[in-house]
Amino acid sequence: MPGVKTNERPGTRAVLRHYRMSATKARQVLDLVRGHDVDRAHEILRATPREAARVVAKVLESAVSNARNNDGLDPEELYVSACYADEGTTVKRWRPRARGRATRIRKRTCHITVIVSRMPEERLARVRARQAATSTSLRARRVAASRREQAAPSAETAGEQTPEETEEPTADELEAIEAEEPEDEEPQAAEEPAPEETEEPSAGAVELEVPAGDATAEEEEEEEETEEEEEGQEPQAEAEEEPAPARRRRGRAAKAEEEQPGILRPKAPRRIRRRPPAEEQAPGETTEDRATEESDE
């Protein structure tokens with residue numbers, strides 16, 4: 001016995017014809033939403049990263065609008081009872097290839113159909129029970145949260161004691177406290193150690209005199225120190241007078257000797273002194289005449 005034809009299925013439908021897409025690509029998305037309620041189908045389509053998902057979502061919205069406006073159905077009670085994609089017309093084009101040949105280009109189209117219907121009573125009852133349970137759980141959470149928020153300020157106010165509620169001590173209690181304070185201070189005063197007396201020199205005390213021999217020894221030591229300082233400053237002055245390149249070369253040589261002692265180092269290049277230019281000879285004058293003039297002088 002043949003099944004129900006596609007154009008005879010019950011429900012409210014929406015059809016998109018001659019959409020420029022292959023029917024195979026559209027069917028892969030339609031298989032994801034078939035049999036789900038409308039809200040769940042929209043969630044699936046929003047999370048599907050395909051071009052066909054955007055198109056199927058528009059067709060589904062159109063079908064829900066037709067059911068609400070034309071048939072007077074509640075959108076929350078609808079589900080996707082059927083959805084399919086049929087092949088449309090195929091536009092043929094040609095592409096030139098090698099050796100004078102040509103290949104065919106098939107630009108396919110499809111017809112997308114989405115049918116929505118009211119859910120059966122058993123399924124509708126399960127959906128309503130689930131929604132009621134979720135709503136009650138959400139309400140319980142809101143109530144618990146509001147009670148916690150109300151309890152927190154009350155606990156803070158209860159913990160804090162206002163100055164009006166504090167009891168002030170009476171006059172008899174103040175007298176008893178004052179009477180007890182000196183008794184506690186007396187043993188503390190007895191326990192404190194007496195300050196140590198520092199011995200100050202008397203006015204008649206005579207300072208000790210340093211013998212003359214020690215004074216002369218100290219003077220001699222000071223003179224020796226000054227002489228050593230002067231001797232140390234003399235080489236420093238000589239080093240300052242020495243040109244900077246020579247100091248740098250000597251410093252590098254000393255450093256290399258410290259790092260690897262016993263190794264012969266190449267000597268610094270000698271500086272060549274240029275002789276002053278010879279005086280110009282007068283025209284017609286020979287070197288012999290010049291030598292005799294110098295000897296006479």
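**Exercise 1. Locate Glu224 and describe the patch of charge around it**.

Glu224 is found in helix 6, which spans residues 212-241, where helices (H or I, at least four residues) and strands (E, at least two) are DSSP runs numbered from the N terminus. The structure is a predicted model, in which local features need pLDDT of at least 70 and side-chain atom pairs count only at pLDDT 80 or more, while totals for chains, interfaces and linings use all residues. Residues are numbered from 1 along each chain as its sequence is written, and side-chain values use heavy atoms, with hydrogens and water left out.

The next step is accessibility: Glu224 has a relative accessibility of 47% and counts as partly exposed, because buried means under 20% relative accessible area, exposed means over 50%, and partly exposed lies in between (1.4 Å probe, protein chains only). Finally, Glu224 belongs to a negative surface patch together with Glu219, Glu220, Glu221, Glu222, Glu223, Glu225, Glu227 and Glu229. Such patches are made of residues with over 30% relative accessible area and no salt bridge, with like charges joined within 9 Å and nonpolar side chains (Val, Leu, Ile, Met, Phe, Trp, Tyr) within 5 Å.

**Exercise 2. Find which residues form a positive surface patch, and place Arg20**.

The positive patch is formed by Arg20, Lys25, Arg93 and Lys107. Of these, Arg20 lies in the loop between strand 1 (12-19) and helix 1 (23-33).

**Exercise 3. Determine how many salt bridges a search of the whole structure finds, and work through the pairs Arg34 with Asp31, Arg54 with Glu51 and Glu77 with Arg128**.

Side chains of opposite charge can pair when their charged atoms come close. With a salt bridge taken as a side-chain nitrogen of Lys or Arg within 4 Å of a carboxyl oxygen of Asp or Glu, the search finds 6.

Begin with Arg34 and Asp31, whose closest N and O atoms are 2.9 Å apart; Arg34 is partly exposed at 38% relative accessibility, and Asp31 is partly exposed at 47%.

Turn then to Arg54 and Glu51, whose side chains meet at 2.3 Å, N to O. These two residues are 3 apart in helix 3 (residues 51-69), and so they are separated by about one helical turn. Arg54 is partly exposed with a relative accessible area of 41%, and Glu51 is partly exposed at 43%.

The last pair is Glu77 and Arg128, which meet at 2.8 Å, N to O. This pair links distant parts of the chain, since Glu77 sits in the loop between helix 3 and strand 2 (78-87) and Arg128 in helix 4 (residues 121-159), 51 residues apart. Glu77 is buried at 14%, whereas Arg128 is partly exposed at 45%. Both also take part in a network of salt bridges that links Glu77, Arg118, Glu121 and Arg128.

**Exercise 4. Count the disulfides, and decide whether Cys83 and Cys110 are buried or exposed**.

If a disulfide is a pair of cysteine sulfur atoms within 2.5 Å, the count comes to 0. Cys83 is buried with a relative accessible area of 3%, and Cys110 is buried with a value of 0%.

**Exercise 5. Examine the phi values of His18 and Arg99**.

Most residues other than glycine have a negative phi. His18, however, has a positive phi near 55 degrees; His18 is found in strand 1 and is partly exposed at 48%. Arg99 has a positive phi near 60 degrees, lies in the loop between strand 3 (91-96) and strand 4 (102-107), and is exposed at 83% relative accessibility.

How values were computed:
Areas by Shrake-Rupley, 256 points an atom, 1.4 Å probe, with all protein chains shown as cover. Lys, Arg positive; Asp, Glu negative; His and termini not counted. Charge placed at Lys NZ, Arg CZ, Asp CG, Glu CD.
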